[in-house]
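Let's take a stroll through this structure together. Have a look at the model below before reading on.

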There are 2 protein chains.
Amino acid sequence: MKNIFPFFKSELIILLTRECEIITVPTQQEILRKGQYVKVIPVVLKGLLRVYTTHEDKELLLYHIKSSESCVMSFAAGIKNGTSEIYAQTLEKTEILLLPAQRLKKWLEQYPELNVLFNLQYEMRYADLLHTIENMVFHKMDQRVLSLLHDKATLSNTKIIKISHQALADDLATSREVISRILKKLENENKLVLSHQSIKIL
Amino acid sequence: MKNIFPFFKSELIILLTRECEIITVPTQQEILRKGQYVKVIPVVLKGLLRVYTTHEDKELLLYHIKSSESCVMSFAAGIKNGTSEIYAQTLEKTEILLLPAQRLKKWLEQYPELNVLFNLQYEMRYADLLHTIENMVFHKMDQRVLSLLHDKATLSNTKIIKISHQALADDLATSREVISRILKKLENENKLVLSHQSIKIL
DNA sequence: TATAAAAAGTGACTAAAGTCACAACTATAA
DNA sequence: TTATAGTTGTGACTTTAGTCACTTTTTATA
């Protein structure tokens with residue numbers, strides 16, 4: 001844990017290690033539902049989460065949560081005893097530190113570095129949301145697809161992305177056919193190479 | 001100021017009164033530009049701000065900042081000596097408290113209630129952005145227009161909104177003709193009444 | 001009151017994205 | 001090997017929104 005939070009005092013690290021549970025969640029598992037009361041705030045130690053919202057069986061990816069990052073939305077909900085506004089699921093086998101919401105409230109007063117952590121997380125998510133918004137309004141679907149693929153490539157640190165067209169469609173709140181067609185077009189423009197279940201970015 | 005921040009200690013109120021400037025800005029004035037370094041963090045005492053982003057002469061309203069609220073985006077930028085990601089302008093004559101960014105950093109450690117304030121602001125803006133996103137992806141333009149009008153009505157506490165079609169178009173990053181047509185359609189559906197320069201919500 | 005500027009109305013067209021229907025391909029497990 | 005489910009390709013069509021060109025209305029003010 002010391003590697004993941006280098007600016008935490010040893011005392012705080014010991015406290016967290018003693019008082020918080022660490023769970024390992026398999027891939028493709030929902031860990032937070034919209035409307036659910038938040039008792040514990042997840043911090044990703046290892047792995048990757050996908051945070052999204054839904055409306056009438058359409059989804060939209062909001063952002064990813066990777067190692068050493070937390071879900072500020074559940075932080076917000078947890079602190080004020082409220083419910084989650086978003087969904088979160090694992091995209092790979094993920095190790096998660098669970099901070100008990102009620103106790104965290106007290107810890108925030110004792111350990112200012114926790115405040116710093118969550119302020120940083122808020123800032124990051126705000127920037128992510130802004131980025132998502134700007135992509136949606138100001139760019140056409142082909143650019144959005146390309147941008148999403150680049151994000152995925154960065155996250156998994158590879159040029160070859162293993163994902164189905166349907167999953168991309170879900171991330172962008174569109175339909176599978178639209179994605180398939182756009183990918184074909186991007187392939188013709190030499191921006192990527194398609195194969196079954198995977199896309200190589202050029 | 002005591003009315004606006006009831007949970008601040010008197011000591012803090014006195015400090016803020018002594019150390020911070022309060023300015024009065026006329027309507028329709030830009031107070032923050034994208035890319036600008038943030039030296040002071042604005043807190044609205046009275047009035048209304050419009051926060052938006054742009055791309056190639058298109059705009060998009062992100063949210064409003066009303067009395068007793070602050071701009072967390074400039075908070076984020078101010079604290080880490082960065083630049084603003086957004087634009088802000090006044091929508092009416094507005095009184096603004098200016099917190100000097102560098103000193104605020106120290107105050108945050110001394111007065112935990114300041115942390116609480118900014119955490120609340122972050123949470124509020126995150127919710128606003130999420131709302132903006134969901135409106136954009138999951139709803140058609142007519143619903144977005146209606147929703148925007150309802151927001152404006154709530155903000156100004158009246159059913160009659162004084163605004164031009166062009167201004168609505170700017171808020172929604174679309175064109176004036178689209179708004180004009182949709183307003184006509186909504187009028188036919190008895191959801192509002194149009195007159196020159198103003199719209200009455202039914 | 002005359003007139004210019006701003007605001008709003010509207011038809012005709014184009015572009016982008018969503019929908020439907022169905023064919024074809026690929027991987028896996030019985 | 002052969003079902004079978006999941007995945008991808010594609011044509012035809014519809015819907016929604018954006019664009020262009022122009023007219024009409026309203027407001028402010030010289």
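Which residue follows helix 5 of chain A, and what is the sign of its phi? That residue is A:N157, with a positive phi near 55°. Before we go further, keep in mind that this is a predicted model, where local features need pLDDT of at least 70, side-chain atom pairs count only at pLDDT 80 or more, and totals for chains, interfaces and linings use all residues. Residues are numbered from 1 along each chain as its sequence is written, while chains are lettered from A and ligands numbered from 1 in the order in which they are written.

Now for helix 5 itself. Helices (H or I, at least four residues) and strands (E, at least two) are DSSP runs, numbered from the N terminus. Helix 5 of chain A covers residues 141-156, and its 16 residues should span 22 Å at 1.5 Å a residue (the expected span is 1.5 Å times one less than the number of residues). The end C-alpha atoms are 22 Å apart, which agrees.

Its buried residues are A:R144, A:V145, A:L149 and A:K152. Buried means that 20 or more other C-beta atoms lie within 10 Å of a residue's own; exposed means 12 or fewer, partly exposed is in between, and C-beta atoms are placed from the backbone. These four cover an arc of only 135° around the axis, so they sit on the same side of helix 5 of chain A (the arc is that of the directions from the helix axis to the C-beta atoms). Among the elements covering them are helix 4, helix 6 and helix 7 of chain A; contact here means C-beta atoms, placed from the backbone, within 7 Å.

Over in chain B, B:T158 sits in the loop between helix 5 and strand 8. With 13 C-beta neighbours inside 10 Å, B:T158 counts as partly exposed.

Next, the two surfaces. The contact between the chains takes 25 residues from chain A and 25 residues from chain B. On the chain A side, helix 4 gives the most, with 15 residues. Around DNA strand D there are 19 residues, near meaning a C-beta atom, placed from the backbone, within 6 Å. Helix 7 of chain A gives the most there, with six residues.

| Surface | Nonpolar | Polar | Charged |
|---|---|---|---|
| Side of chain A that touches chain B | 15 residues | four residues | six residues |
| Surface near DNA strand D | four residues | nine residues | six residues |

Here Ala, Val, Leu, Ile, Met, Phe, Trp, Tyr, Cys and Pro count as nonpolar, Asp, Glu, Lys and Arg as charged, and the others, Gly among them, as polar.

Technical notes: Two residues are in contact if their C-beta atoms, placed from the backbone, lie within 7 Å.
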